[in-house]
Amino acid sequence: MKVYYPLRYAFDFRTGVYTGYVYLANIGTATKAGPFTLTFPVGGNYPILLNPTGYAAGQPYITVNGIIKPKRSIKVLIQLSNQFRVRLSTFFIGFPIAIS
């Protein structure tokens, strides 16, 4: 399993929220069944996830349900606050997101 980051983000000037989609991709040869948990970093210079499903040990996460066939992906909406004005991400490189 691999996470690909948004190609670009939409920024809402009224709310200060960045919206994009991460792609949870099955790069293996077997079908994977969820639920999948995407855990986002906190602290430091990381953007803040504004639409978490919940929190575990103080870290926000998004739960994704579904079945991902080999070489396919699921699109997951994320909304971020970037109060530190750090680079958000590129398609291949971004802040660490753990998959479980």
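**Exercise 1. The ring cluster**

Find which residues are linked into a cluster by ring pairs in this predicted model.

*Solution.* Start with the full count: the structure holds nine aromatic pairs. One of these is Phe91 with Phe92, an edge-to-face pair at 5.1 Å centre to centre, with 80° between the planes. Now follow the links between rings, and you get a cluster made of Tyr4, Tyr23, Phe91 and Phe92.

Next, check how covered the two Phe residues are. Phe91 has a relative accessible area of 26%, so call it partly exposed. Phe92 comes out at 56%, so that one is exposed.

Finally, look for charge around Tyr4. The charged end of Lys2 sits over the Tyr4 ring, 5.3 Å from its centre. You can spot a similar arrangement elsewhere: the charged end of Lys75 sits over the ring of Tyr21, at 4.5 Å from the ring centre.

**Exercise 2. Tyr9 and its partners**

Work out why the pair of Tyr9 and Tyr18 is called edge-to-face, then see what else Tyr9 holds on to.

*Solution.* Take the geometry first. The ring centres of Tyr9 and Tyr18 are 6.4 Å apart and the planes stand at 90°; planes over 60 degrees apart count as edge-to-face, so that is the label here.

Then go to the accessible area of Tyr9. The value is 18%, and the cut-off for buried is under 20%, so Tyr9 is buried.

Now for the polar side of Tyr9: its side chain makes a polar contact of 2.7 Å with the side chain of Ser89. Ser89 lies in the loop between β10 and β11 (98-99). Ser89 also has a relative accessible area of 18%, so this serine is buried. Leaving out residues up to four places away in sequence, Ser89 touches Tyr5, Pro6, Tyr9, Gly94 and Phe95.

**Exercise 3. What pairs with β3?**

List strands that pair with β3 and give a residue match for each.

*Solution.* Go through the partners one at a time.

- β1 (residues 2-4) pairs with β3 in the antiparallel sense through three bridges. Here Val3 has Leu24 as its bridge partner.
- β2 (residues 10-12) is antiparallel to β3 too, again with three bridges. The match to pick out is Phe11 with Tyr18. Four residues lie between the strands of this hairpin, where Gly16 takes a positive phi near 75°.
- β10 is joined to β3 by nine bridges, and these strands run antiparallel. Tyr18 shows up once more, standing opposite Leu80 in β10.

**Exercise 4. The four-stranded open sheet**

Put the strands of the open sheet in order and say which ones stand at the edges.

*Solution.* The order is β7-β8-β5-β11, with antiparallel pairing. β7 and β11 each have a single partner strand, so they stand at the edges and one side of each has no neighbour in the sheet.

Now zoom in on β8 (residues 59-64). Towards β7 (residues 54-56), three bridges make the join, and Ala56 stands opposite Gln59. The β7-β8 hairpin has two residues between its strands, and Ala57 takes a positive phi near 55° there. Towards β5 (residues 36-39), the join is made by four bridges. Thr37 faces Thr63 across this pairing, while Thr39 has Tyr61 as its bridge partner.

Last step: sort the β8 side chains by face. Pro60, Ile62 and Val64 make up the covered face, whereas Gln59, Tyr61 and Thr63 are on the uncovered one.

**Exercise 5. The largest nonpolar core**

Say which residues have the most contacts inside the largest nonpolar core, and which element gives the largest share.

*Solution.* This core has 19 residues, and the ones with the most contacts inside it are Leu38, Phe40, Ile78, Phe95 and Ile97. Two or more residues come from each of β3 (17-25), β5, β8 and β10 (73-81). The largest share is that of β10, with four residues.

For a closer look, pick Phe40. Skip residues up to four places away in sequence, and Phe40 touches Leu49, Gln59, Pro60, Ile62, Ile78, Phe95, Pro96 and Ile97. As background, nonpolar side chains tend to be buried together in soluble globular proteins.

Technical notes: Residues numbered from 1 in each chain as written. Predicted model: local features only at pLDDT ≥ 70, side-chain atom pairs only at ≥ 80, totals over all residues. Heavy atoms only, no water. Buried < 20%, exposed > 50% of the residue type's maximum accessible area, 1.4 Å probe, protein only. Pairing = 2+ DSSP bridges. Core = buried A, V, L, I, M, F, W, Y, C linked by side-chain atoms within 4.5 Å. Contact = heavy atoms within 4.5 Å. Polar contact = N/O pair within 3.5 Å; in protein donor to acceptor, adjacent residues only side chain to side chain. Phe/Tyr/Trp six-rings, centres within 6.5 Å; stacked < 30°, edge-to-face > 60°. Lys NZ or Arg CZ within 6 Å of the ring centre and 35° of its normal.
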